[in-house]
Amino acid sequence: IRTNISLIRRRMKSPALRFEMMQIGVQSSTDVCIVYMVGKANTKIVSKIRKKLSDIKLDTIISSGYIKPFLEDNVDENLFSNIGHTERPDVLCTKLNEGKVCVLIDGTPFALICPTLFSENFKTIDDYCSKNYFVTYLRWIRYFAFILAVAFPGIYVATASHHPEMINVNLLLNLYASEQATPYPLFFEILIIMALLELMREASIRLPSAVGSAISIVGGLVIGDAAVKSGIISAPLLIIVGLTATASFIIPQLNQQTSILR
C-alpha cells in the first residue's frame, strides 16, 4: 500500500491530497487507505465511506472484492455497481481531481473508486487526449457496442422467428436455407452457441496467457467450423455470436452484466 500511495503522490503533488489509514479485519489487520482531495471531494461522501469501512467486521481482508460489497448501495438490488475499480495510477488521479473518493487495500493493485456512474464505464483515459468530435464518435461506438452485446442475439431470434417480414427477401431466403439444414429450433441453437462462447471465454481467462490464445484458435476454427459443417448450428448464427463477442470485448468492465442481460 505504501507503493501505491507513492505512485499517486508522484502524480498529485497538491497539499489538498489526503490519505487516511485504517486497519480492517479481525485476524488479518489489513491496511486500508482512503484517498481524496480536500475541496473537491464531497465531505458527506468521505464521512459515509469512512463509517462503512469502520463498520466492516470481517475476519480477513485479502483483496478489494472483500470490501466492495460493503461500500455499494443496495448491492442485492442493483445490477450495475456504483463502485468502480482501476489499477492505473493516472486513472485514479484523474478521478481524484473530479471529486471522487478512492480506497486502497494492502496486497492488491486494484483501487476502488466511489462513487461511479454508469456512463463512466464508457470513458477511457485516452479520451482526455483526443479531439472532442473524435471522443464523441468513440463514445457512441461504445454505447452501440453495449446494446449490440446485450440485445443482438435476441433481436436476431425475435426477427427471424416471429417477424421475418422485417428482413430483406434475399437475406431471408439465405437465412431460411441455412436454418433448414439444422435439426434444432433457432432459440435452442442460440442457447447452445452462447453456452459455448461463455465456456471458451472462461477457459481463456483462467488459463495462462501462453495457452489462452490456443483456446481462441480451437474455439473459433475447430469447434465453430465443425459445428457448422456438421449441421448443429447455422453459419449466420456463428456470425451473430462473433459480432456479439467482439462488441462485449469493447467494454470489459461490464462483462458480467452484459452476459447476464444477454
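**Burial and overall form**

I began with burial: buried residues account for 36% of the 262 residues in the chain. I note here that the model is predicted. For the surface, I have an accessible area of about 15400 Å². Carbon and sulfur atoms hold 62% of that area.

Next I looked up the secondary structure. I find ten helices and five strands in the chain. The radius of gyration is 23 Å, well over the 18 Å from the globule rule for 262 residues, so the chain is more spread out than a compact globule. I also took the extents of the C-alpha trace along its principal axes, which are about 70 × 45 × 35 Å. Then I turned to contacts between residues at least 6 apart in sequence: 62% of them join residues at least 24 apart.

**Strand S2 and its partners**

How many of the eight residues of strand S2 are buried? I get seven, so S2 (residues 30–37) is largely enclosed by the rest of the structure.

I then checked which strands pair with S2. Strand S1 (residues 17–24) pairs with S2 in the antiparallel sense, over eight bridges. Strand S4 (residues 101–105) also runs antiparallel to S2, and four bridges join these two. I noted a bridge partner on either pairing: Glu-20 is matched with Ile-34 in S2, and Val-35 stands opposite Cys-102 in S4.

**Ile-34**

I picked Ile-34, in strand S2, for a closer look. Is Ile-34 buried or exposed? Its relative accessibility is 0%, so I log Ile-34 as buried, the cut-off being under 20%. Leaving out neighbours within four places in sequence, I list its contacts as Arg-18, Phe-19, Glu-20, Met-22, Ile-49, Arg-50, Leu-53, Val-101 and Cys-102. For Phe-19, I also took the C-alpha separation from Ile-34: 5.7 Å, with the two positions 15 residues apart along the chain counted as their offset.

**The S1–S2 turn**

S1 and S2 form a hairpin, and I count five residues between them. Gly-25 sits in the turn with a positive phi of about 110°. Ser-29 lies in the loop between S1 and S2. I find its phi near 50°, a positive value in a residue that is not glycine. Most residues other than glycine have a negative phi. I flagged Ser-29 for that value of phi. Ser-29 is partly exposed, with a relative accessible area of 36%.

**A cis peptide bond**

I looked at omega next. The peptide bond from Cys-114 to Pro-115 is cis, with omega near -15°. Most peptide bonds are trans. Where does Pro-115 lie? I place Pro-115 in the loop between strand S5 (111–114) and helix H5.

**Thr-159 in H5**

Helix H5 covers residues 132–162, and I find Thr-159 in it. Thr-159 has a relative accessible area of 17%; buried means under 20%, so I log Thr-159 as buried. Which residues does Thr-159 touch, not counting those up to four places away in sequence? I find Pro-164, Met-166 and Ile-167.

**A nonpolar patch**

Last, I looked at the surface. Tyr-184, Phe-187, Phe-188, Leu-191 and Ile-232 make a nonpolar patch of about 480 Å². I followed up one of these, Leu-191. Leu-191 lies in helix H7 (residues 186–206). Its relative accessible area is 44%, so I log Leu-191 as partly exposed, between the cut-offs of 20% and 50%.

How values were computed. Residues are numbered from 1 along each chain as its sequence is written. This is a predicted model: local features need pLDDT of at least 70, side-chain atom pairs count only at pLDDT 80 or more; totals for chains, interfaces and linings use all residues. Side-chain values use heavy atoms; hydrogens and water are left out. Patches are made of residues with over 30% relative accessible area and no salt bridge: like charges are joined within 9 Å, nonpolar side chains (Val, Leu, Ile, Met, Phe, Trp, Tyr) within 5 Å. Accessible areas come from the Shrake-Rupley method with a 1.4 Å probe; for residues, only the protein chains shown count as cover. A salt bridge is a side-chain nitrogen of Lys or Arg within 4 Å of a carboxyl oxygen of Asp or Glu. Buried means under 20% relative accessible area, exposed over 50%, partly exposed in between (1.4 Å probe, protein chains only). The radius of gyration is taken over C-alpha atoms; the globule rule is 2.2 Å times the number of residues to the power 0.38. Contact means heavy atoms within 4.5 Å. Two strands pair if DSSP finds at least two bridges between them.
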